[in-house]
Amino acid sequence: TYSDKKGIVNAVVQEFIEPDIAGVIFSGNPASGKNEFVINTSEGRGTNVVEGGKAEQYFVDRLNIENITHKGERELLSSRQIKELATIAFRIELLFEMPQDIEWAIKNNVLYVLQARPITRISHLHLWDSSNISESFPGIVLPLTFSIAKRGYMLAYKAQGYSAGLSWYE
């Protein structure tokens with residue numbers, strides 16, 4: 001706490017750690033709406049994950065956390081770490097009473113939760129074709145990448161429909 005003539009300023013000071021592994025876990029699948037945890041991870045600070053770069057991806061069935069699917073080149077997380085992440089994500093979701101997007105890090109086999117926020121849902125969109133987005137944005141397409149690209153694609157698809165004879169609003 002710092003005090004000056006104008007009042008008191010409170011600040012949170014958090015220790016910086018250099019993680020071995022870091023990433024994001026979604027307590028629900030934000031893209032498909034499936035009842036599963038989605039974990040994206042990479043070595044180090046997890047910069048690849050938040051910037052949409054190369055990352056390992058795990059899908060964990062919420063009804064049976066023993067059911068884990070891995071997509072990627074290497075398994076960076078053990079099944080124990082995956083289950084610990086799923087359990088923490090579930091507890092955080094219960095605390096906030098809505099699905100969460102949780103950033104985390106692991107250093108010396110200790111899990112640190114860095115931040116949590118509600119998942120941004122993409123339920124209002126009707127996606128006709130997703131192949132172009134992966135050509136324009138290599139790697140895993142994360143919600144941030146999608147939110148940046150969605151306006152451009154929406155206009156392109158509307159223009160294509162309009163040129164095919166639909167009204168602009170159809």
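Two strands pair if DSSP finds at least two bridges between them. Helices (H or I, at least four residues) and strands (E, at least two) are DSSP runs, numbered from the N terminus. What you're looking at is a predicted model: local features need pLDDT of at least 70, side-chain atom pairs count only at pLDDT 80 or more, and totals for chains, interfaces and linings use all residues. Residues are numbered from 1 along each chain as its sequence is written, and side-chain values use heavy atoms, leaving out hydrogens and water.

**Exercise 1.** Work out which residue in S7 stands opposite Ile 25.

*Solution.* Start with the strands: S3 and S7 pair in the antiparallel sense over six bridges. Across that pairing, Ile 25 faces Ile 102 in S7. Now look at contacts, meaning heavy atoms within 4.5 Å. Setting aside neighbours within four places in sequence, Ile 25 touches residues including Phe 37, Ile 39, Leu 85 and Trp 104.

**Exercise 2.** Find the strand order of the open sheet, and say which strands stand at its edges.

*Solution.* The six strands run in the order S6-S5-S4-S3-S7-S8, with antiparallel pairing. S6 (68-71) and S8 (110-118) are the edge strands; each has a single partner strand, so one side of each has no neighbour in the sheet. On average, neighbouring strands here are turned by 20° against each other, direction ignored.

**Exercise 3.** Identify which element gives the most to the largest nonpolar core.

*Solution.* First, the term: a nonpolar core is a set of buried Ala, Val, Leu, Ile, Met, Phe, Trp, Tyr and Cys residues joined through side-chain atoms within 4.5 Å. Buried means under 20% relative accessible area (1.4 Å probe, protein chains only). The largest core has 17 residues, and Ile 25, Ile 39, Leu 77, Leu 85 and Trp 104 have the most contacts inside it. S3, S4, S5, H2 and S7 each supply at least two of its residues. H2 gives the most, with five. Apart from this core lies another, of seven residues, with Phe 26 and Ile 119 among them.

**Exercise 4.** Decide whether Gln 81 is buried or exposed, then list what it touches.

*Solution.* Place it first: Gln 81 sits in helix H2 (residues 79-96). Its relative accessibility is 9%, so Gln 81 counts as buried. Not counting residues up to four places away in sequence, Gln 81 touches Leu 76, Ile 106 and Asn 109. Finally, a polar atom of the Gln 81 side chain lies 2.9 Å from the backbone nitrogen of Ser 78.

Conventions: Buried < 20%, exposed > 50% of the residue type's maximum accessible area, 1.4 Å probe, protein only. Polar contact = N/O pair within 3.5 Å; in protein donor to acceptor, adjacent residues only side chain to side chain. Axes fitted to C-alpha atoms, helices over the stretch in contact; angles between N-to-C directions.
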